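This report covers a protein–DNA model. It starts with the contacts to one strand and then turns to one chain.

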Number of protein chains: 2
Amino acid sequence: MQITRAAEYGVLGLTALARRPLGEVVMIETLCAEEDIPNSFLGKILQSLAKAGIVKSARGSGGGFSLARTPTEVTALEIIEAIEGPIAFQRCLDEDLGCEHSGGCALCALLSEAQEQVREVFGRTTLSDLTGRHIPNGLVRQARNRSSETAAPVMPLDPVPVQPAPAS
Amino acid sequence: MQITRAAEYGVLGLTALARRPLGEVVMIETLCAEEDIPNSFLGKILQSLAKAGIVKSARGSGGGFSLARTPTEVTALEIIEAIEGPIAFQRCLDEDLGCEHSGGCALCALLSEAQEQVREVFGRTTLSDLTGRHIPNGLVRQARNRSSETAAPVMPLDPVPVQPAPAS
DNA sequence: GCTTTTCCAGACGAATTTGGTCTGGTTCGC
DNA sequence: GCGAACCAGACCAAATTCGTCTGGAAAAGC
């Protein structure tokens, strides 16, 4: 009942991209340093995101990754499903191989409802919502290392949760 | 991002118990046959549920398990959390070991919201909601075996999903 | 066209989790 | 005391997660 690291890193990596001017090409290594993500792992994750059309990749020197769309057009649901595959609380809700249990399975109905709630929350949150307040871990660490003592917080930050969308 | 078999079996086993008069003591073996669950696995699951005070166990001959409360008083959330531990979409949302990422982490806020939605859905669904329409797999199989041909459905059943609670 | 720099694709593998089984108790009714 | 049932935990196989590594392939610059 947890999101995978891959999805977590994927979102984080994208926020790092989204913090830049749209279309700017950034190397994997830069993103990894910024967000404290293992290097070759993020590479694999970004490949999935490229296949899903969320980022564009450019090879060769001067290459790297860039967002394929504006951050307001990319939802967390797209990102997570591009990496983890479709969100499915149970086997029978994923492919339509039918429920193992017979009849109108109440358990499946329950899981299906819960799953739809999650998809709704993820679906209405965009990358730009996520980018706003997030301070990348790597940057904080780097700042800490530079001013080796006096570990003052980089920026005062009120921990405001993501606000729910106005009832549509 | 899936519920475990253990939780699934746990819910199924409890619906089998809930279909009986309250307080009736049933052996693991009977429940397993009814719901098509591996025998000793359900034993372990029921132990968790007993510790959580959802079922009562009775040892010795004539022993078995019975519901400790009426099905309307037991929520799916309780059942699932008794088996899987607290629902936590991410490490930092479980214990309060703080978020690995710094500052007001937007990702955690998002996951937290999704998680609360799931808890809400599970929390408002009771065991009696789940028991209503469910036809146990094992019983269907047994019926199929008895009337070896003419595999007619055991009971006509309109597959109505769990209805959402009225807006509170 | 050669070299360098970057991504690409997939094989590989360690660690963890899941899904169970098994064994040796312990408790209860008879 | 004996058999029927649960109890507690050790144990194990398979799947999944969380990565790493290697050998390309494409693009840019010379």
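## Polar contacts to DNA strand C

A polar contact is a pair of N or O atoms within 3.5 Å; within protein, one must be able to donate a hydrogen and the other to accept it, and residues adjacent in sequence count only if both atoms are side-chain atoms. The side chain of A:Ser57 places an N or O atom 2.4 Å from a phosphate oxygen of DNA strand C. For A:Arg59, a side-chain N or O atom is 2.8 Å from a sugar or linking oxygen of the strand. B:Arg5 uses a polar backbone atom, 3.0 Å from a phosphate oxygen of DNA strand C.

## Basis

This is a predicted model: local features need pLDDT of at least 70, side-chain atom pairs count only at pLDDT 80 or more, and totals for chains, interfaces and linings use all residues. Residues are numbered from 1 along each chain as its sequence is written, chains are lettered from A and ligands numbered from 1 in the order written, and side-chain values use heavy atoms, without hydrogens or water.

## Surface near the strand

DNA strand C is surrounded by 24 residues (near: a heavy atom within 4 Å). The closest include A:Met27 and B:Lys44. Sugar and phosphate make up 73% of the strand atoms that come within 4 Å of the protein.

## Chain A

Chain A has 7 helices and 2 strands (DSSP runs: helices H or I, at least four residues; strands E, at least two; numbered from the N terminus). Their order from the N terminus is α-α-α-β-β-α-α-α-α. Of its 168 residues, 45% count as buried (under 20% relative accessible area, 1.4 Å probe, protein chains only).

Notes
Buried means under 20% relative accessible area, exposed over 50%, partly exposed in between (1.4 Å probe, protein chains only).
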